[in-house]
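Open the structure in your viewer and keep the selection tool at hand. We will walk through it stop by stop.

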Amino acid sequence: MNELFPIFLKLHELQTLVVGGGPVALEKLQAIVSNSPQAKVRVIAKEYSKETQEFLVAQPHLQWRTKDWEPEDLEEIDLVILATNNPKLNQTVRALSREKHLLINVADKPALCDFYLSSVVRKGNLKLAISTNGKSPTMAKRLKEFFSDLLPEEIDEALDLLQTYRNQLKGDFKHKVETLNAHTLAVLKGNDTRF
Ligand SMILES: C[C@@]1(CC(=O)O)C2=NC(=C\c3[nH]c(c(CCC(=O)O)c3CC(=O)O)Cc3[nH]c(c(CC(=O)O)c3CCC(=O)O)/C=C3\N/C(=C\2)[C@@H](CCC(=O)O)[C@]3(C)CC(=O)O)/[C@H]1CCC(=O)O
Ligand SMILES: NC(=O)c1ccc[n+]([C@@H]2O[C@H](COP(=O)([O-])OP(=O)(O)OC[C@H]3O[C@@H](n4cnc5c(N)ncnc54)[C@H](O)[C@@H]3O)[C@@H](O)[C@H]2O)c1
């Protein structure tokens with residue numbers, strides 16, 4: 001059983017710290033920025049790869065510093081992502097993050113994570129987050145490609161129309177839920193030409 005609880009975070013309102021400047025850090029930064037272009041992110045690393053540096057230079061709203069990690073770096077942070085090659089540092093930051101009740105992901109180290117990153121299918125406003133419970137990130141990536149091909153681009157238009165319809169609906173909560181249930185069923189069965 002997969003006991004993980006999925007949530008969608010407002011990274012533009014939270015402060016994220018990423019430690020590391022190699023290829024794995026770059027992957028995590030790309031995942032963050034592609035999903036949440038306005039994410040508030042601070043990056044710390046002793047050194048950066050050429051590719052990571054180029055990425056950071058092209059994202060002027062991301063803050064980055066070349067330095068050793070220090071405990072003060074966790075101040076005013078909500079979320080921590082580690083992508084270092086230093087197991088001792090990972091353990092230290094994990095322990096301090098727990099003490100401060102910060103949520104931490106240590107890339108590719110499930111035992112040290114409070115949360116895992118997911119594969120994300122995106123169609124405009126629609127996002128599907130995929131977890132394999134850590135069993136096969138490659139399968140998560142394949143499923144992302146599968147669902148991305150399967151879902152029509154028009155689904156975003158359907159969401160816009162449903163939002164307008166939803167805002168116009170009068171009546172009590174129960175009536176709204178019943179009407180929207182019926183309407184979305186028609187949309188998904190293809191009885192509605194707007195999908
Ligand atoms: C979904 C995605 C999101 C992201 O990272 O953004 C993600 N990994 C991705 C790709 C990927 N990662 C790895 C490969 C190489 C092939 C392979 O090993 O399978 C590939 C494939 C590739 O790159 O093509 C290596 C790897 N990953 C983990 C371990 C350790 C272990 O399993 O013990 C090792 C071995 C390290 C080693 O050998 O040393 C662990 C985790 N990776 C997770 C997430 C979490 C579980 C997600 C889930 O429930 O499925 C979890 C538990 C923790 C975390 O890191 O958050 C992203 C897909 C992005 C996309 O959609 O395109
Ligand atoms: N690259 C891969 O494809 C891959 C695949 C699977 C697992 N991993 C693992 O993921 C981790 C990261 O991989 P990578 O290839 O990005 O590593 P890397 O060696 O390229 O980068 C590690 C980064 O951590 C930083 N760092 C280390 N100690 C630090 C400290 N005290 N303070 C600040 N920064 C510090 C370094 O400056 C560097 O930027 C490693 O443990 C690696 O074994 C990598």
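## First stop: ligand 1

The shell around ligand 1 holds eight nonpolar, nine polar and three charged residues. Keep in mind as you look that this is a predicted model. Select ligand 1 and show what lies around it: 20 residues surround it, and the closest are Leu117, Ser119, Thr132, Gly134 and Pro137. Which helix gives the most to this shell? Colour H4 to see, since this helix supplies five residues to the surroundings of ligand 1.

## Step back: the whole chain

Now zoom out and switch to a cartoon view. The chain has six helices and seven strands. If you follow them along the sequence, the pattern reads β-α-β-α-β-β-α-β-β-β-α-α-α. The C-alpha trace spans about 60 × 35 × 35 Å along its principal axes. The chain has 195 residues, and 19% of them count as buried. Of the contacts in the chain with a separation of 6 or more, 57% are between residues 24 or more positions apart.

## Second stop: ligand 2

Select ligand 2 next. Here 21 residues form the surroundings, with Gly21, Gly22, Val24, Lys46 and Asn85 the closest. Two elements give two or more residues to this shell: helix H1 (23-35) and strand S2 (40-45). The largest share, three residues, comes from H1. Sorted by class, the shell around ligand 2 has eleven nonpolar, six polar and four charged residues.

## Third stop: a pair of helices

Stay with H1 and add helix H2, residues 50-57, to your selection. Two packed helices are described by the angle between their axes and the distance between the axes. For H1 and H2 the angle is about 25°, and the axes are 9 Å apart. Angles under 35 degrees count as roughly parallel, and H1 and H2 are therefore roughly parallel to each other. Their crossing is left-handed.

Show the side chains where the two helices meet. On the H1 side pick Ala25, Leu26 and Leu29; on the H2 side pick Glu51, Thr52 and Phe55. The residues of this contact divide into four nonpolar, one polar and one charged.

## Fourth stop: three loops

Finish with some loop residues, beginning with Glu76. Glu76 sits in the loop between strand S3 (63-66) and strand S4 (79-82). Is Glu76 buried or exposed? It counts as exposed, because it has 9 C-beta neighbours inside 10 Å. Add Leu14 and compare positions: Glu76 and Leu14 are 62 residues apart in sequence, and their C-alpha atoms are 9.5 Å apart in space.

Move on to Asp108, in the loop between strand S5 (103-106) and strand S6 (119-123). What is the phi of Asp108? The value is positive, about 65°, although Asp108 is not a glycine. Asp108 counts as partly exposed, because 13 C-beta neighbours lie inside 10 Å.

The last residue to select is Asn133. Look for Asn133 in the loop between strand S7 (126-130) and helix H4 (137-150). Asn133 has a positive phi near 60° and is a residue other than glycine. With 12 other C-beta atoms within 10 Å, Asn133 is exposed. From here you can follow the chain into H4, the helix that gives five residues to the shell around ligand 1, where the tour began.

Key
Residues are numbered from 1 along each chain as its sequence is written. Chains are lettered from A and ligands numbered from 1 in the order in which they are written. This is a predicted model: local features need pLDDT of at least 70, side-chain atom pairs count only at pLDDT 80 or more; totals for chains, interfaces and linings use all residues. A residue is near a molecule or strand if its C-beta atom, placed from the backbone, lies within 6 Å of it. Helices (H or I, at least four residues) and strands (E, at least two) are DSSP runs, numbered from the N terminus. Ala, Val, Leu, Ile, Met, Phe, Trp, Tyr, Cys and Pro count as nonpolar, Asp, Glu, Lys and Arg as charged, and the others, Gly among them, as polar. Axes are lines fitted to C-alpha atoms, for helices over the stretch in contact, and angles run from 0 to 180 degrees between N-to-C directions. Angles under 35 degrees count as roughly parallel, over 145 as roughly antiparallel, 65 to 115 as roughly perpendicular and the rest as oblique. A crossing is left-handed if the near helix is turned anticlockwise from the far one by less than a right angle, and right-handed if clockwise. Two residues are in contact if their C-beta atoms, placed from the backbone, lie within 7 Å. A residue is buried if 20 or more other C-beta atoms lie within 10 Å of its own, exposed if 12 or fewer, and partly exposed in between; C-beta atoms are placed from the backbone.
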